[in-house]
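Good morning, and thank you for making time for this item. I should like to take you through one model, beginning with its ligand and ending with some details of the backbone.

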Amino acid sequence: MQTTYNIGILGATGMVGQRFIQLLENHPWFRVTWLAASDRSSGKPYADAVRWKLDTPIPPSVAKLPVSPATPEQNPNGVPEIIFAALDTDIARDLEPRFAAAGCAVISNSSAFRMQADVPLVIPEVNADHLALIPQQNWNAPGKGVQKRGYIVTNPNCSAIGLVLALKPLAERFGLRSVFVSTMQAVSGAGYPGVPSLDILGNVVPFIRNEEEKLEAETRRLLGKLENSQVTPLDARVSAHCNRVAVEDGHTESVSIELASKPTREEILAAWREFQPLRANNLPTAPEQPVEYNPAEDRPQPRLDRMRGRGMAATVGRLRPCSLLDWKFTVLSHNTIRGAAGAALLNAELLASQGKLSPSGKTS
Ligand code: NAP
């Protein structure tokens, strides 16, 4: 018997919301039963509300679902107890706590609560132990007594995920002292309709608001230690340059690192190859090899490598000595799969496997 879970999606019509719907089609544990977006979409069947931008059709079971208003209070018949959230940060800051206060597990993509001390910022292969922060959360209004305890769990920024997957095995084995990273980020990372074509075609934009700050802070927190019920960020220097480039999907990052011990090239390759922390967990969306090394001299490339591990692997290449720090390499990951919807889905699978989600029933 397989336990099943009903899922609601907040921001279901956006770039990340669409990926959720695509990734959840035929998922063995989760099924989409409720969708919400802005007032513009509310009340319409999903297929009429969305500008569907993916290369697979809208799943028929979802196409006819109505888009609901995006607050628990406006849904008198209730909302699912598991909410995947893909909202802009300002909207998430208002709406996500309301769903958590209504008793929902909110699996969030937005940056609104990523750095809040009691909210786990998690990549399952990297810091699953940070989920132990959940019981510290209390989203209920003071004075209202004990109510249902919902919570928020977040996944990192789309450029932090690929970087941290590549860094974790090295930090663990060799100690990480400094990171210098320069990103080439896809236009889909800016949501829809995203960057105007006249700004990006034939061009590079060397600025993405708040992105460098997020990449630096989230990297240290993800690689940090949970001790005495709080996360101590990794004591390493991280310097990020973030650029928008005319690529549809897939963030590429040029990385230089300084390590505490001085491993050989073979030892670094072995650390990436042997990094399989979720091997025993049997999570449906987890890639077999979270960090794949591509030995070709001109890889990874977004068009050729972003779908490795069904869009969930980080592809690393061009490992070579660095004349400023110790080593340098290139890492690539899919920004709306591994960097967003797939990351949240994997967080939800991890939570389900730990008994932290409310099931809706069992199917054989
Ligand atoms: P998007 O394409 O702009 O979609 C935004 C979604 O939010 C739409 O469904 C929109 O509904 C809904 N929405 C807007 N205003 C709302 C309101 N007042 N109440 C309820 N819903 C509202 O954005 P996105 O790219 O999917 O990004 C969503 C979140 O994920 C952001 O926080 C982003 O930073 C984060 N993220 C994105 C990526 C990426 O690669 N794109 C990666 C990692 C994280 P309507 O269609 O009705 O307007």
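Let us begin with the polar contacts of the ligand, bearing in mind that this is a predicted model. At Gly-11, a backbone N or O atom lies 3.2 Å from an oxygen atom of the ligand. Ser-38 takes part through its side chain, where an N or O atom is 2.6 Å from a ligand oxygen atom. A nitrogen atom of the ligand is also engaged: a backbone N or O atom of Ser-188 lies 3.0 Å from it. As for burial, the ligand on its own has 920 Å² of accessible area, and the protein covers 82% of this.

Where does the ligand sit? The answer is the largest pocket. The shell around the ligand numbers 28 residues, and the closest are Thr-13, Ser-38, Arg-40, Ser-41 and Leu-87. Sorted by class, the shell comprises 14 polar residues, twelve nonpolar residues and two charged ones.

Which helix gives the most to this shell? That is α4, with three residues. At least two shell residues come from each of α1, spanning 15–24, α4, spanning 89–101, and α11, spanning 337–353.

Why can we say that the ligand lies between two domains? Domain 1 consists of 4–156 together with 342–363, and domain 2 covers 158–334; both give residues to the shell, so the ligand lies between them.

I turn now to the backbone. As a reminder, most residues other than glycine have a negative phi, and most peptide bonds are trans. With that background, four places in this model deserve a mention.

Two of them are cis peptide bonds. One joins Tyr-192 and Pro-193, with omega about 0 degrees. Pro-193 belongs to the loop that runs between β7 (176–185) and α7 (197–200). Another cis bond joins Arg-299 and Pro-300, with omega about 5 degrees. Here Pro-300 is placed in the loop between β13 (291–294) and α10 (302–305).

The other two concern positive phi values outside glycine. For Ser-229, phi is near 60 degrees, and this serine is in the loop between β9 (225–227) and β10 (230–232). For Arg-310, phi is near 55 degrees; the loop that holds Arg-310 connects α10 and β14 (314–321).

To close, I would return to the central point: the ligand sits in the largest pocket, and it lies between domain 1 and domain 2 because both contribute to its shell. Thank you for your attention.

Terms used. Residues numbered from 1 in each chain as written. Predicted model: local features only at pLDDT ≥ 70, side-chain atom pairs only at ≥ 80, totals over all residues. Heavy atoms only, no water. Near = heavy atom within 4 Å. Polar contact = N/O pair within 3.5 Å; in protein donor to acceptor, adjacent residues only side chain to side chain. Areas by Shrake-Rupley, 256 points an atom, 1.4 Å probe, with all protein chains shown as cover. 1 Å grid on protein atoms, 1.4 Å probe; cavity = no way out; pocket = protein on both sides within 12 Å on 5 of 7 lines; lining within 4 Å. Sits in = over half its atoms within 2 Å of the grid points. Helix = DSSP H or I, 4+ residues; strand = E, 2+ residues; numbered from the N terminus. Nonpolar A, V, L, I, M, F, W, Y, C, P; charged D, E, K, R; others polar. Domains from an automatic or database assignment.
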